[in-house]
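Got the viewer open and a selection tool at hand? Let's walk through this structure together, one stop at a time.

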Amino acid sequence: MKNKKKPLTFILAALCCLNLIAVPAAASQLPEITEDSIVSPQAEEREWIYRIYEGKYQKRLWSLTYGYWLTDWIDCVV
């Protein structure tokens with residue numbers, strides 16, 4: 001029984017030691033920032049569009065970034 005535990009203990013110890021060894025990661029080079037660099041927004045831009053349909057106020061969300069509707073028409077409470 002003891003002979004079976006030794007190889008298993010050795011394997012587990014070896015795996016634990018491998019996790020402790022730090023492998024240096026190659027860092028990617030950062031882009032150069034100059035005075036004429038332009039910062040552009042990365043978030044999606046959205047706009048609510050309103051209408052009156054059959055006497056009810058409604059709204060719908062339009063994606064300015066991608067050019068398509070994000071919601072169906074929703075009745076608004078005035």
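Start by selecting Phe-10, which counts as exposed because its relative accessibility is 61%, above the 50% cut-off for that class. Keep in mind as you look around that this is a predicted model. Phe-10 sits in helix α1, which covers residues 2-20. Now add Leu-8, Ile-11, Leu-12 and Leu-15 to the selection: together with Phe-10 they make a nonpolar surface patch of about 540 Å².

**Zoom out for a moment**

Show the whole chain as a cartoon. You should find one helix and three strands, and going along the sequence they come in the order α-β-β-β. How many of the 78 residues count as buried? The share is 5% of the chain. Switch on a surface and you are looking at about 7,900 Å² of accessible area, with 61% of that belonging to carbon and sulfur atoms. If you draw the contacts with a separation of 6 or more, 9% of them join residues 24 or more positions apart.

**Strand β1 and the loop after it**

Next, select Tyr-50, in strand β1. Is Tyr-50 buried or exposed? Tyr-50 has a relative accessible area of 58%, so this residue is exposed. Setting aside residues up to four places away in sequence, Tyr-50 touches Gln-58, Lys-59 and Cys-76. Try the distance tool between the C-alpha atoms of Tyr-50 and Ile-74: they are 9.5 Å apart in space, with their positions 24 residues apart in sequence.

Move along to Glu-54, in the loop that joins β1 (46-53) to β2. Glu-54 is exposed because its relative accessibility is 67%. Look at the backbone here too: the phi angle of Glu-54 is near 55 degrees, a positive value in a residue that is not glycine.

**Along strand β2**

Now pick Lys-56, which belongs to strand β2. With 48% relative accessibility, Lys-56 counts as partly exposed. Beyond its neighbours within four places in sequence, Lys-56 has contacts with Arg-51 and Asp-75. Cys-76 is also worth selecting: its C-alpha is 7.5 Å from that of Lys-56, although the two are 20 residues apart in sequence.

Stay in strand β2, residues 56-63, and go to Arg-60. Which side chain of opposite charge is nearest to Arg-60? That is Asp-72, 4.2 Å away, and Arg-60 is buried yet has no salt bridge. The cut-off for a salt bridge is 4 Å. Arg-60 does have a polar partner in the backbone: a polar atom of its side chain lies 2.8 Å from the backbone oxygen of Thr-71. To see the surroundings of Arg-60, show its contacts outside the four nearest places in sequence: Glu-47, Trp-48, Ile-49, Trp-69, Thr-71, Asp-72 and Trp-73.

Next comes Ser-63, also found in strand β2. Why does Ser-63 count as buried? Its relative accessible area is 0%, and buried means under 20%. Show the side chain of Ser-63 and follow it to the backbone nitrogen of Tyr-66, which it reaches at 3.0 Å. Leaving out residues up to four places away in sequence, Ser-63 touches Glu-44, Glu-45, Tyr-68 and Leu-70.

**Last stop: Trp-73**

Finally, select Trp-73, which is placed in the loop between β2 and β3 (74-75). Trp-73 counts as partly exposed because its relative accessibility is 27%. Outside its neighbours within four places in sequence, Trp-73 is in contact with Ile-49, Arg-51, Gln-58, Lys-59 and Arg-60. To link back to an earlier stop, check the C-alpha atoms of Trp-73 and Tyr-50: they are 9.0 Å apart in space and 23 residues apart in sequence.

Methods: Residues are numbered from 1 along each chain as its sequence is written. This is a predicted model: local features need pLDDT of at least 70, side-chain atom pairs count only at pLDDT 80 or more; totals for chains, interfaces and linings use all residues. Side-chain values use heavy atoms; hydrogens and water are left out. Helices (H or I, at least four residues) and strands (E, at least two) are DSSP runs, numbered from the N terminus. Buried means under 20% relative accessible area, exposed over 50%, partly exposed in between (1.4 Å probe, protein chains only). Contact means heavy atoms within 4.5 Å. Accessible areas come from the Shrake-Rupley method with a 1.4 Å probe; for residues, only the protein chains shown count as cover. Lys and Arg count as positive and Asp and Glu as negative; His and the chain ends are not counted. A polar contact is a pair of N or O atoms within 3.5 Å; within protein, one must be able to donate a hydrogen and the other to accept it, and residues adjacent in sequence count only if both atoms are side-chain atoms. Patches are made of residues with over 30% relative accessible area and no salt bridge: like charges are joined within 9 Å, nonpolar side chains (Val, Leu, Ile, Met, Phe, Trp, Tyr) within 5 Å.
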